[in-house]
Every structure is written in C-alpha cells, then in structure tokens.
Amino acid sequence: MSVKQSIPYEQTELYKIRHSTAHVMAQAVMEMFPGQAKIAIGPPIADGFYYDFDLPRSLTPEDLAAVEKRMRQIIAARHKFQRREVSADEARAEFKDQPYKVELIDGLDKGGVDEYGNPTNEKPVISFYTHDTFTDLCRGPHVEHTGQINPSAIKLMHIAGAYWRGDANRPQLQRIYGTAWKTADELKDHLWKLEEARKRDHRKLGRELGLFYFSDDVGPGLPLFTPKGEMLRHLMEGYVRDTQTRYGYQHVWTGHLVKEDLYRRSGHYDNYKDSMFPPMEDEGVTFRLKPMNCPSHMTLYKEMGTHSYRDLPLRFAEFATLYRYEKTGELSGLTRVRALTQDDCHIFCRPDQIQSEFALCLNLIREVLSRYKFTDYRVRLSLRGSEGKYVADDEKWALATDALKAALDANGVEYEAVEGEAAFYGPKADFLARDVLGREWQLSTIQVDFIQPARLGCEYVAEDGQPHTPVLLHRAVTGSTERFLGVIIEHFAGAFPVWLSPVQAVIIPIADRHAEYANKVAEQLQAHGFRVEVDARGERMQAKIRDAQLQKIPYMLVAGDKEAEAGAVAVRLRSGEDLKAKPVAEVIEMMKSAVVNGD
C-alpha cells in the first residue's frame, strides 16, 4: 500500500507553539484594554495564528509593537499551561462578561460544533486552558509552559477586519494575525518568502508586464488579456493540446450554453446551482452558462452513436470557457475568476482499462508539470466524507474508490488519503505542486466516476453483446488557463522560460542608421519561428536595455556598426549577463537550444 502517513498539523509541535502564542497574544491585548476587551476565537492556521477581538477603539501599528513587547515578557516568565474540564454552567460563569465566548459555550453544550463554532459530529468536552492570569475556552493542545515559545521566532504581522462567525450581519471584529516558529532563522526565512511573494504577485507583475487587466466597465472576475497575455495563453494551451494529441486525446468543442435540465439529471444542479450564473429563458426552455464540461461530453458521447467495447477508451479533451458565479469578495486576480478556460478531459473506458488509463494520465501530468519546472509535488487522495452532498450509492463509491487506490498503487504513487474532499460523484487524486517559494498549489486532478455515465445514459456494447455503462475518468492537467497562468507568473517571477516568453528577443539598434540592419536580423529570427520585436524608439541604448530587462525579455540583441559589418549582434541576457558579440546564426542556435531544453 502506498498511503503516506503524515502527522496531522494539529498534532505537531509547531501547532502547539502557535496555539500557545495565540493565547499569550490574547492576554497581552486583554491587559491593554482591561475590562473593555471582548475576545472571540484564536486558532492556529497555516504558517501562524490569529485572534479576533471586539475592542473600544481601532488598533494601530504602535499597538502591535506594544503587544509584542508584552508577549515577550509573558513568555520569559515561563507560565505553565494548565488544563481543566468544566461544566457548561461553570464555563458560562467564567465568561459571563464575554458574550462571544458564551455563544460558543452554548454551542458546545448543545453539541454539533467545536470551540471555534465549526461543525462536528461529537459533543465536545468543555475545557479551559490557563496560563498566568489568562484563561481561555480551549481543547488544546499547548506547550508545557510559555518558556517553550521562542521569543525571537514570533512576530505580529497585521490587523484585519473579520465578521463574527463570518456573517456580515454580525459584529465586525479586529483580527490580529501573527506567526510563530521554532527558530529565528525559520522566522527570517518565512518573512523573506512573504516579501518575495509580494514581489512576485501575479496581479502586480501582470500589469507591469502588460499581460492582462481588469476593468469595472467589463465586470469583476472577467480578465482582459493583451496581445502578450493572449500569446501566453496560446502557448500554454497549444503545448498541452499538442501533448494531449500525442497521448491519444481527441479535441472537441461543446459551446457555452446548456439546458438547465441536463445539469439536473447529472446532479450538478443540486450541488453547484449557487455557483451558476442566473438562468436564461427562451420559449419556455431554461439555459445556463456552462460551469463544467462533463455533462456536455457525456451527451456528445451518446450522440456519436453506438460504441463497441473495441472503441474504448475514448478520450475527449476541450479547452472550454466556463462561467462560475463566484462571490465578489472571493475573486482574486487570475487565480479566482468568473470566466475560466479549463483544460478538461473525459475518458470513457471499460473497468479493466482504469489502471492503464490512469497510468497514461499520470505520465501526461508528470510531463507537463516538468515542462513548467514543477518537480516537487504530492498526491492527495480525496475521498467521500460524511456530509450529504455526495451521491448516495455505496456500491459505486466503493468500486470507484477501490479502482483509484489500485491505480495509484499499481503506479507506485505515494498519496495521503483525506476524507470529505471528493467530488460529489466520485473520489479523485489531486496533485499539489510546490513553487519556488515552497507554496502549494492544487493543479492537476484525476477523478474516477461510476455514477454520472449511468445517470446520463452512456453505454457501450460489451463482448457479451449486452449494453454496459462505461467508467468516466475526469482529468485536468493545468486546471484552468487563467489560474495556472497566475501560478506560473509567480513561480517564474514573470521571467518565463524562452519557449514560453511572449517576446523572446528584442533587437536594439544603437542609432537610427542601424534600424535597417536590426529589421533584417528580426526577419532572420522570425523565419526560425522566434517572437521578436525591434525597439526603434529614440531612447538611448542603455534605456532600451533597462526597459527590456524590466519586461523580462530573455534576449537583448544590440546592433551597431561593428555588428552590422560582421553579421552579428551583441547579446545581453535579462539577468544582466553580457555575452558579447555573436554571429546571428550562432544566436539562433543558442535560442533553439534554450527552447528545446525548456530554459
């Protein structure tokens, strides 16, 4: 079995440190506003923690500095964290002046929620943790004493607003975010990554590189791509399309509108209706902008006539523009949009073909991710949870889950099984890749579906001459063009590999008299398929080189008298390296090599 057993974050030492630091911070804030501060919740989160407060005034950066100073004093005193279980009435008495805590205690007393107000199947034990003068409603875990928190490895990051329970109709609280690590070096590395992430923000780089824009005239979540941005899209999609064709996929097109009834029959309507744009009526028929491809591909499969078992597997791929009614507050640059282009694929196969088709998908995913220099990734096996959103068919769920596990094991894939993350119709293997900053992005997915094909009447004639239902594998490599573009902008910091750069070289004539030669060089490069521009502006050469570097163009080819006479160009790289003058033919071979090698 290739299941990777990883320790849950909640059981790690770092979780205990961050949880304990959140309590220390809460104590410091309570002392700053004695008798006035109201506290809500303060959980650890990825890379840190936060705590929500209802305070008599707005916090300032100076307040954070004062809180942090007091936190270090509390830490130095080595106060023990002491746990005790209490009844609901005892808890209410302890927090009689803290309405948010009382509301949480009432929820715990009724059952169904934990101390953070999150749903749970158990009725939790009510417990307190106390250190020094501060007591909190908490189940832990914590470090033994505050001295186990490294004072040089903590930092309060920023203040944000947060509605109580995430409800805009409830009070707005002040949320303090902080981070805590084991060592000062770990904190330093974390802060460096945050700063680097700000520099690499695809929204910032997208504007600076002139790739895409958002406009209020068009609407939120609807990106507008410039010629350079569209070139990137074309290159990305063209690469995946060509690779898929080589792997035996056939590309189809299924439009933008679909009758709502199809989504009702497939099950998508019940599970995704809140993410669909409002219906459109035409002569009594309700249409929807297409939010997913699966039902359309299954309909196409049916319309193509009778399929024999010999015809399978049948692999449909489509770069389809989908429309999802994301909430305005959840939109984020290209990584969360309302119009997205998905590199979607659906494989109709026999049950005995699942493992071989999974292996084909796996090889395709590995090849594509490697091309984009994603080599560090893990696989998450997303399984059905206990909530009611999943199709109720235990037999088919068992078949799909067993088939996906067997395919993962047969291909030697380590994975971590996680309940509650499956699609409503079946389990899936999600590929989470780390970028150069170590951030994880869910990119590729392979899903096994025994349910939808039967719902929509997909069949093939088996060897026994009887109709059977095919298994459907859902597969995406890059997920969506928009989101993947946002990810790789940050992954490469906008300095795309040569094969992917919208402009691969800019030719810079030193003076006006060199423009004719520069254009001839451009024609030579374009004849070999390179994307080239000539910068004939009246700026100085150094200014043109600086602008090309800011645009992260791989090659700057300078042309002057000596170069024109020798049939050469002076080569500079966006890194600042000066390769001196080289014959144009040599430059062409150098660029070809870079494209082939993915540099």
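1. This note concerns a predicted model, and a convenient place to enter it is Asp352, which at 57% relative accessibility counts as exposed. Its side chain meets that of Arg350 in a salt bridge, with 3.0 Å from N to O. Arg350, by contrast, counts as buried at 18% relative accessibility, because the limit for a buried residue is under 20% while an exposed one has over 50%. The pair therefore joins a buried residue to an exposed one.

2. A search of the whole structure finds 45 salt bridges, and a second one worth looking at links Arg336 with Glu330, where the closest N and O atoms are 3.4 Å apart. Here Arg336 is partly exposed, with a relative accessible area of 34%, and Glu330, at 37% relative accessibility, also counts as partly exposed.

3. A third salt bridge, between Arg233 and Glu237, has its closest N and O atoms 3.8 Å apart, and in this case both Arg233 and Glu237 are buried. The two residues belong to helix H7, which covers residues 227–246, and they stand four residues apart, or about one turn of the helix. An α-helix has 3.6 residues a turn, so residues three or four places apart point the same way.

4. Salt bridges can also be followed beyond single pairs, since Asp376, Arg378, Glu416, Arg434 and Glu440 are linked in a network of them. Gly438 is placed in the loop between strand E19 (428–434) and strand E20 (440–449), and at 30% relative accessibility Gly438 counts as partly exposed. Although Gly438 and Lys193 are 245 residues apart in sequence, their C-alpha atoms are 8.6 Å apart in space.

5. Turning to the interior, the reader will find that the largest nonpolar core has 57 residues, and that those with the most contacts inside it are Tyr372, Phe374, Leu408, Ile488 and Leu500. Helix H11 (residues 354–371) supplies the largest share of this core, namely eight residues. If residues up to four places away in sequence are not counted, Leu408 touches Phe358, Val379, Leu381, Val413, Tyr415 and Ala429. Another core, of 34 residues, lies apart from the largest one and has Phe33, Val143, Ala153 and Ile154 among its members.

6. On the surface, Tyr213, Val218 and Leu224 form a nonpolar patch, which has about 250 Å² of accessible area when the three are taken together. Val218 is found in the loop between strand E9 (212–213) and strand E10 (224–225), and its relative accessibility of 42% makes it count as partly exposed.

7. Helix H10 runs over residues 294–303, and its buried residues are Cys294, Pro295, Ser296, His297, Met298 and Tyr301. Just after H10 comes Gly305, which takes a positive phi of about 100°.

8. For the overall layout, the domain assignment of the protein chain gives domain 1 (9–196), domain 2 (208–252 + 300–491) and domain 3 (498–597). The C-alpha centres of domain 1 and domain 3 lie 56 Å apart.

How values were computed
Residues are numbered from 1 along each chain as its sequence is written. This is a predicted model: local features need pLDDT of at least 70, side-chain atom pairs count only at pLDDT 80 or more; totals for chains, interfaces and linings use all residues. Side-chain values use heavy atoms; hydrogens and water are left out. A nonpolar core is a set of buried Ala, Val, Leu, Ile, Met, Phe, Trp, Tyr and Cys residues joined through side-chain atoms within 4.5 Å. Buried means under 20% relative accessible area, exposed over 50%, partly exposed in between (1.4 Å probe, protein chains only). Contact means heavy atoms within 4.5 Å. A salt bridge is a side-chain nitrogen of Lys or Arg within 4 Å of a carboxyl oxygen of Asp or Glu. Patches are made of residues with over 30% relative accessible area and no salt bridge: like charges are joined within 9 Å, nonpolar side chains (Val, Leu, Ile, Met, Phe, Trp, Tyr) within 5 Å. Accessible areas come from the Shrake-Rupley method with a 1.4 Å probe; for residues, only the protein chains shown count as cover. Domain bounds come from an automatic or database domain assignment.
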